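Let's take a walk through one corner of this protein and see how its pieces fit together. Have the 3D view ready to follow along.

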Amino acid sequence: MDSKQFREFAKAAVDYIADYIDSVEDRPVLSGVSPNYLSELIPDEPPQTGEAWQEVLQDVDRIIMPGLTHWMSPHFHAYYPTACSFPAIVGELMSAGFGCVGLSWVASPAYTELEVVMMNWLGKLLNLPEEFLNCSEGPGGGVIQGSASEVTFVALLTAKEKKVADIRSVHPEISEAEIKGKLVAYSSNQSNSSVEKAGLLGSMTMRLLPVDDKGQLRGGTLLEAIRKDKEQGLIPCYVVANLGTTPTCAFDKLEELGPICRDEEIWLHVDAAYAGTAFICPEYRHLMKGIDYADSFNFNPHKWMLVNFDCSALWMRNAKHLVEAFNVERIYLKDQHKGLAPEYRHWQIALGRRFRALKLWFVLRIYGVEGIQKHVRGQIALAKFFEDLVCADPRFEVCTSNMGLVCFKLKGDESLTIKLLEEVQKRKNIFVNTGHFQGRHVIRFAICSRLTERRHVEFAWNEFCSVANILEGRKMETMDKPMPTIEIANMSCQKIREKSK
Ligand code: PLP
């Protein structure tokens, strides 16, 4: 393919993407294909001679499109958002076009240097403690990784190496293997699966501790677990605190956990994968209280901050610990600029690095801080609107509502909520998933797509009501006929409750 054909192909592909996003609302949010659908549509072997790009693009429509779950659909309300914005898509395209691998400063100076500046911009935007920033006087710094899962693992490995070095500096007679065999990590039982996985991969016992009735890990619980482990001769090493858990977006009590970690010399990692974006809005920064105790902090611009996957921001209070844990040198990697700019390969697992800072830069410049704040506030307001709709219907109850995520259920037997969810999933008009809160099934309703508007929230609520009506044996409401509850949704939650009494 020459550059002339590339221009034609790429322009057609850009048109295809723009048409797709403009029309994604009209597609069923969930794919209707069955497992192995694709192997029947595609040859067993690659073509011997090259094909025309037009045929390939046609096959995207014929073979790929039917098998997509439409994450950008305004009817997608499952998991947490995964960002997709036009500036970030162009950033991805350009990064692919440059075709560099940023394995060292000299391998592509702009890769490293833009990342340093972007991590400063982003850290300032969140109002992180100054020590975390690359531009601070001290050893702190920020780096972009692929995912929050990777970051939790990287921080665990760093904590592990630091703990071994600290102990051996006082007790050189104790072997590394003996220390490593005794290390323990802690997090809450509401943590993302990736936290448990980090323990598995890093060969460190991970205790998933119980939470309070708000889904928060409290200091007393951590302290008790540490005490028990120390009595057994084990060595507390690593704590992962959540600012925004996956099931309900609960915030662990960082201001209680922090002092314990400091006193016990335990590495405190903060996982704010989803909710971290909200700290760009000053009114949500109180939720970061206790951040000054953290050794590392992470959030995913690829979730809520309009930067396409993958882009996970990690800051370390002292990045030297990370570099010491991960530094493996080779003659072919050395260059004369060592020390003047971070060699980010020592800050991550892989050697090669993508140019993720480019899409971050595009998003920050093209949306501006105000554009991102507007996006976050708009999505939180939509979730509040949904919460009010749920509150207004006496059949339902809201279990939690935090930062764009509403967890709710049908009152009465748990089997009703499970059935409701099953039926809604079968209809495929919206996509939601389930969670657990206080040992019970809840439906998680998140505002995910940047295309979601009030009318889509109304649509989703009608969907739940229609299915609930069917389950109750009532006449099914038509989808395009608004439910009467929507008319009162502008009222405060309290007023609605009074009205429904
Ligand atoms: N941590 C939390 C709190 C999450 O909600 C998630 C995903 O939703 C993750 C970690 C994992 O994120 P990633 O897919 O970037 O690994």
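**A sheet, a helix and a knot of rings**

Keep in mind that this is a predicted model. Start with strands β9 (residues 405-410) and β11 (residues 440-446), which pair in the antiparallel sense over 4 bridges. If you want a spot to zoom in on, look at F408, whose bridge partner in β11 is I443.

Now zoom out a little. These strands belong to an open sheet of 4 strands, ordered β8-β9-β11-β10, with antiparallel pairing. At the edges sit β8 (396-402) and β10 (433-437), each pairing on one side only. From one strand to the next, the twist averages 35°. Helix α13 (residues 414-427) packs on this sheet and touches β8, β9, β10 and β11; its direction makes about 40° with that of β11.

Next, the aromatics. The whole structure holds 21 aromatic pairs. Take F386 and F445: their ring centres are 3.7 Å apart and the planes sit at 15°, so this pair is stacked. F386 comes from helix α12 (residues 356-392) and F445 from strand β11, so the pair ties together parts 59 residues apart in sequence. F386 is buried, at 0% relative accessibility, and F445 is buried with a relative accessible area of 0%.

F386 has another ring partner, W461: here the centres are 5.9 Å apart and the planes at 85°, so the pair is edge-to-face. W461 lies in helix α14 (residues 454-471), so its pairing with F386 in helix α12 ties together parts that are 75 residues apart in sequence. Ring pairs link F386, F396, F408, F445, W461 and F464 into a cluster.

Finally, some charges meet rings too: the charged end of R444 sits over the ring of Y80, 4.9 Å from its centre, while R454 lies over the face of F385, at 3.9 Å from the ring centre.

Key:
Residues numbered from 1 in each chain as written. Predicted model: local features only at pLDDT ≥ 70, side-chain atom pairs only at ≥ 80, totals over all residues. Heavy atoms only, no water. Pairing = 2+ DSSP bridges. Helix = DSSP H or I, 4+ residues; strand = E, 2+ residues; numbered from the N terminus. Axes fitted to C-alpha atoms, helices over the stretch in contact; angles between N-to-C directions. Contact = heavy atoms within 4.5 Å. Phe/Tyr/Trp six-rings, centres within 6.5 Å; stacked < 30°, edge-to-face > 60°. Buried < 20%, exposed > 50% of the residue type's maximum accessible area, 1.4 Å probe, protein only. Lys NZ or Arg CZ within 6 Å of the ring centre and 35° of its normal.
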